[in-house]
Structures are given as C-alpha cells and as structure tokens.
Amino acid sequence: MTTLEVRDLTKTFHRHRAVDGVSFTLTPGRTVALVGESGSGKSTIARMIARLVRPTSGEITLTGQDGNQVARRAYRDHVQMIFQDPFASLNPFHTVEHHLARPLLLHGRSRAEVPHLLERVSLTPDLARRRPHELSGGQRQRVAIARALAPGAKVIIADEPVSMLDVSIRLGVLKLLDRLQREEDLAVLYITHDLATARHFSDEVLVMHRGRIVERGPGDDVLLRPQDPYTRQLAAAAPDPEARFRQGGQS
Ligand code: ADP
C-alpha cells in the first residue's frame, strides 16, 4: 500500500512564499482535491511532489520513507503526474503503441500488454497505431493516463487534467480517474479551480489561498457549509455548481 504524505511543505521564490506550511496525506482508493484560484500555489505543490521543484522546507514521504531517499526512478514509477495539456507529455512523432510499450518494456513486461492498458482507460485497441495529433483531446488525455499507469503508478497527481478539454468530454475523463482510483486502489491528488467537480470527485477537499490551506474536509461540508471567509467567497462566486450533476451530467 503506497501512501504519500506531505508535511509542513513550504516553497519560497525570491522571498515570495508560494506554498506555506502545507500538510496532507494521499492514501489508496481516495481522491483529495486541491482547489484554489490561479496563483494560490497548487501547481507548485504538484511540482514539488513530482520532484520537479525542490521544497524550501518540509517533508514528502512515500510509505513512511523520506521521498529524497527513494531512488529517483522508483519514486517516479510510483508517483506519476497528469498535466493539463496532454500534448506536453506525449511525443508528436510516436504512436500510442510506442508511448505505452516503452514504459512496459523498461519494467520487464511485454508490449502485448498495450491493448489491456488501453482497455483500462476505455480506449479501443485500434488507437494504438495513431499518433497524438490523430486523437481527440479526451483520447489524448486517456493515453497520458494509460502511460502513467504503465510503470505501475500508485499515486496520481492530476494537475487541472480536464481544463483544456471541451466541456462535453471533461466528465468522461474525470469519471475515468474516479473509476481507476476506486477499482485499482490509486491515491489521487486532483488539482482544480472547479469547486463543483472537486466536491463531486473527491473524498476530501483542501482549499488553498495564498499558499496556505485555509479549510479542509468532505466536499459537502467545505462547499455547502464553508467556515473560512475565503471559502465562503469562493463558494458564493461559483456558477450554480450543482446544476451539471443534478441533470445527470455528461460523460
Ligand atoms: P496555481 O497553480 O495555484 O495557479 P502556482 O503554484 O503556479 O499557483 O503559483 C503560486 C505562486 O508562485 C504564484 O505567485 C507564482 O507567480 C509563483 N511562482 C510559481 N512558480 C514560480 C517560479 N518558478 N518562480 C517564481 N515564482 C513562481
């Protein structure tokens, strides 16, 4: 069971404290949503967890072990990022088959597993021959998710995974992440500025404001009965957050 714990994490850029004493735990089969406006520090947290940015202070542990003591490759196999723009993590010259076979082969597995990997993200096997520009935005993000799963990831950091997709296909990708988290026992950090999807697709919501977590708890508590003045403001400004789900949503 892989658990990722973030303890008192702080990041200062040129005397500006972008992340200030943030703590939370990601456990298998649970989604934690990190919500907040642009500039509140969400991506900096994701980048520190992905080891793309070094924390100024604080700790990140993977199943009790200091993240810095875990070999870079083993850490990356366990902890994978899904980015806002799936093109960012896919090579335009490589086929889907190549993108997925590479991590499988690196882990001593067979390229014959590619169709199964596609099936796990609800894509048909014939897409394996295509290149990223021959896929829809939603299909591209599903391939990026399959590629994150290929090395056996247990923790997924999804940084605004649907905000660049057409509204009509966003829910499908969020439902996929939700299904994987439940059926495959993944620990998911879902980063978003969308309060409605944060509430709907998470077990715990963390509200970020100016680098700090100002409120945390189950989505219904945080967003329907906010205690912190900033959360109240954020919830009040959200455009009828429940409407999409009351209508059954689109997938
Ligand atoms: P969010 O993801 O919530 O939009 P970010 O984590 O991207 O927020 O940014 C938080 C703050 O840190 C912002 O004020 C941003 O300008 C600053 N910041 C982020 N990355 C850097 C960097 N590499 N250098 C300087 N400041 C940065």
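# Close-ups of a predicted model

**View 1. A closed-off space and the residues around it.** Thr31, Leu174, Leu177, Asp178, Val188, Tyr190 and Phe201 form the lining of the largest cavity in this predicted model. Two elements each put two or more residues into that lining, namely α6 (167–183) and β8 (187–192). Which of the elements gives the most to the lining of the largest cavity? That would be α6, with three residues. Sorted by class, the lining of this cavity comes out as five nonpolar residues, one polar and one charged. The space inside the largest cavity amounts to about 70 Å³. If you go looking for others, note that the structure holds one cavity of 30 Å³ or more.

**View 2. The whole chain, for orientation.** Let's step back for a moment before the next close-up. The protein chain is built with 10 helices and 10 strands. Its radius of gyration is 18 Å, close to the 18 Å that the globule rule gives for 251 residues, so the chain is as compact as a globular protein of that length. Follow the C-alpha trace along its principal axes and you get spans of about 55 × 50 × 35 Å.

**View 3. The shell around the ligand.** Which residues sit around the ligand? Phe13, His16 and Ala18 are among them, and so is the run of Glu37, Ser38, Gly39, Ser40, Gly41, Lys42, Ser43 and Thr44. Two elements, β2 (16–26) and α1 (42–49), each supply at least two residues of this shell. The biggest contributor is α1, which gives three residues. By class, the shell holds seven polar residues, two nonpolar and two charged.

**View 4. Polar atoms close up against the ligand.** Here we zoom in on three residues of that shell. For His16, a polar side-chain atom lies 3.2 Å from an oxygen atom of the ligand. With Gly39, what takes part is the backbone: one of its N or O atoms lies 2.6 Å from a ligand oxygen. Gly41 also uses its backbone, with a polar atom there 3.1 Å from an oxygen atom of the ligand. How much of the ligand does the protein bury? Taken alone, the ligand exposes 560 Å², and the protein buries 60% of that.

**View 5. The largest pocket.** This pocket has a volume of about 660 Å³. Its lining is made up of 24 residues, and those closest to the centre are Arg76, Gln80, Met81, Arg147 and Pro151. Several elements give two or more residues to the lining: α2 (72–78), β6 (79–82), α3 (96–106) and α5 (137–149). Of the elements, α3 gives the most, with five residues. How do the lining residues of the largest pocket split by class? There are 10 nonpolar residues, seven polar and seven charged.

**View 6. The second largest pocket.** One more pocket rounds off the tour. The second largest pocket holds about 300 Å³ of space. Among its 14 lining residues, Arg51, Val53, Arg54, Pro55 and Asn68 are the ones nearest the centre. The elements giving two or more residues to this lining are β4 (57–62) and α2. The helix α2 should look familiar, as it is also listed for the lining of the largest pocket. In the second largest pocket, though, the largest share comes from β4, with three residues. By class, the lining of the second largest pocket has six nonpolar residues, three polar and five charged.

Methods. Residues are numbered from 1 along each chain as its sequence is written. This is a predicted model: local features need pLDDT of at least 70, side-chain atom pairs count only at pLDDT 80 or more; totals for chains, interfaces and linings use all residues. Side-chain values use heavy atoms; hydrogens and water are left out. A residue is near a molecule or strand if one of its heavy atoms lies within 4 Å of it. A polar contact is a pair of N or O atoms within 3.5 Å; within protein, one must be able to donate a hydrogen and the other to accept it, and residues adjacent in sequence count only if both atoms are side-chain atoms. Accessible areas come from the Shrake-Rupley method with a 1.4 Å probe; for residues, only the protein chains shown count as cover. Helices (H or I, at least four residues) and strands (E, at least two) are DSSP runs, numbered from the N terminus. Ala, Val, Leu, Ile, Met, Phe, Trp, Tyr, Cys and Pro count as nonpolar, Asp, Glu, Lys and Arg as charged, and the others, Gly among them, as polar. On a 1 Å grid over the protein atoms alone, a cavity is a set of points where a 1.4 Å probe fits but cannot get out, and a pocket is an open set with protein on both sides within 12 Å along at least five of seven lines; lining residues have an atom within 4 Å of a point. Grid points are joined across faces, edges and corners, and a volume is the space filled by probe spheres set on the points. The radius of gyration is taken over C-alpha atoms; the globule rule is 2.2 Å times the number of residues to the power 0.38.
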